[in-house]
Amino acid sequence: MGADRSYAYGAAAGLLGDLLLGDPRRGHPVAAFGRAAGAVERLLWRDHRGWGALHTAVCAGGAVALGTVAERAVRHSPAASVALTAAATWAVVGGTSLAREAGAVGRALRDGDVDAARARLPHLCGRDPQALDADGIARAVVESVAENTSDAVVGALVWGAVGGVPGLLGFRAVNTLDAMVGHRSPRFLRYGWASARLDDVAGWPGARLTAVLAALAGPDPRGAVRAWRADAGRHPSPNAGPVEASFAGALGVRLGGTLSYGGRVEHRPVLNGAAGRPVAVTDIDRAVRLSRRVGLLALGVTAGARLLWKGRGK
């Protein structure tokens, strides 16, 4: 069995493991990486971009190095290569946890328990839940499902296809660092700059593939493409813009608008404003189903592209 087939089988097994098992409740490898990155931050933190870049290099580089060593250790055993890729894929993708958290908020809203929905929302995104009514919570969930389909599933599969296990671990490390230090708080405005910029670069291909697949797999492909072309560039994030706009058009809803993060209010452009309707609670389940389809399609596209590309080089 060639290395590329081993990767394809392992990635498929890892994604299936995520679909069946979700994330472990204890001892998650990403959580362990987060604790290690936090320790590095406490050691290196200075209010300076250079020190933040060193932090990013140490943490992301360490993850890539670990993946490289592990991949080389099993390169002569096809079965071990498949198992390693499966374990790495399962560890870095988070589609099932995303669906579960979105579903929990949706169930609370359907039951009319807005307080329970507010309490659950921080598990999914960083919005200020107390500033949101039921409709605002539903919109926040759909936006989070869209963005995290790229961050938690498609982006990892793209970099896994490019770089194997080191690519999988490296992408998740970069994405995790951005979540930890890449925001615009006074402490991390300079220190987190390198992590945020690297996450923008690493997330670029996955975001565009997510937007394409959402258009193909959604109920309104033309609406998705129209919203993507018209509104994605107006979003402050170069990667969330295409994804959220494509999801908005595919589902026929309006996303964006006024948001509140950590007491800071942002007025973002409305995505699919001309053709979309306000988000309803039922759209949460529709977004989750679309996210699932996008993830499965991304596995086929990325694994197939790796097989074809490597096959041409032989």
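A cavity is a set of points, on a 1 Å grid over the protein atoms alone, where a 1.4 Å probe fits but cannot get out; a residue lines the cavity when one of its atoms is within 4 Å of such a point. The legends below describe a predicted model.

**View A. The largest cavity and the helices that line it.** Rolling a probe the size of a water molecule over the atoms shows where empty space is left. The structure holds one cavity of 30 Å³ or more, and the largest cavity has a volume of about 120 Å³. Its lining is made up of 14 residues, and those nearest the centre are Gly95, Val153, Ser291, Arg292 and Gly295. At least two lining residues come from each of the helices α1 (3-21), α5 (95-110), α7 and α11 (282-312). Helix α11 supplies the largest share, five residues. By class, the lining of this cavity contains seven nonpolar, five polar and two charged residues.

**View B. The second largest pocket and its lining.** Whereas a probe cannot get out of a cavity, a pocket is an open set of points. The second largest pocket has a volume of about 390 Å³. Four helices each give two or more residues to its lining: α2 (29-44), α3 (49-73), α4 (78-92) and α7. Of these, α3 gives the most, with seven residues. The lining holds 23 residues in total, and Pro29, Phe33, Ala63, Leu66 and Leu169 lie nearest the centre of the pocket. When sorted by class, the lining has 19 nonpolar residues, three polar residues and one charged residue.

**View C. The largest nonpolar core.** In soluble globular proteins, nonpolar side chains tend to be buried together. In this model, the largest nonpolar core has 74 residues. Leu109, Ile137, Val141 and Leu290 are the residues with the most contacts inside this core. Helix α7 (residues 134-181) gives the most to the core, with 21 residues. For Leu290, the contacts beyond four places in sequence are with Ala214, Ala217, Gly218, Phe247, Ala250 and Leu251.

**View D. Two buried cysteines in a structure with zero disulfides.** A disulfide is a covalent bond between the sulfur atoms of two cysteines. The structure holds zero disulfides. Cys59 has a relative accessible area of 7% and is therefore buried. Cys125 is buried as well, with a relative accessible area of 15%. Both values fall under the cut-off of 20% that a buried residue must meet.

**View E. Arg139 in helix α7.** Is Arg139 buried or exposed? Arg139 counts as buried because its relative accessible area is 16%, and buried means under 20%. Leaving out residues up to four places away in sequence, Arg139 touches Arg254, Leu255, Gly256, Gly257, Thr258, Leu259 and Val279.

**View F. Val82 in helix α4 and Val64 in helix α3.** Val82 has a relative accessibility of 19% and so counts as buried. The C-alpha atoms of Val82 and Arg118 are separated by 41 Å, and these residues lie 36 residues apart along the chain. Val64, at 34% relative accessibility, counts as partly exposed, a class that lies between under 20% and over 50%. Apart from residues up to four places away in sequence, Val64 is in contact with Pro166 and Gly170. From C-alpha to C-alpha, Val64 and Gly241 are 28 Å apart in space, with their positions 177 residues apart in sequence taken as the separation along the chain.

**View G. Ala232 and Asn272, each in a loop.** Ala232 is found in the loop between α9 (221-231) and α10 (240-251). With a relative accessible area of 8%, Ala232 is buried. Setting aside residues up to four places away in sequence, Ala232 touches Ala227, Gly241, Pro242 and Ala245. Asn272 belongs to the loop between β2 (264-271) and α11, and it counts as buried at 6% relative accessibility. The phi angle of Asn272 is near 60 degrees, a positive value in a residue other than glycine. How many ångströms separate the C-alpha atoms of Ala232 and Asn272? The separation is 9.4 Å, for two residues that are 40 residues apart along the chain.

Terms used:
Residues numbered from 1 in each chain as written. Predicted model: local features only at pLDDT ≥ 70, side-chain atom pairs only at ≥ 80, totals over all residues. Heavy atoms only, no water. Disulfide = S-S within 2.5 Å. Buried < 20%, exposed > 50% of the residue type's maximum accessible area, 1.4 Å probe, protein only. Core = buried A, V, L, I, M, F, W, Y, C linked by side-chain atoms within 4.5 Å. Contact = heavy atoms within 4.5 Å. 1 Å grid on protein atoms, 1.4 Å probe; cavity = no way out; pocket = protein on both sides within 12 Å on 5 of 7 lines; lining within 4 Å. Points joined across faces, edges and corners; volume = space filled by probe spheres on them. Nonpolar A, V, L, I, M, F, W, Y, C, P; charged D, E, K, R; others polar.
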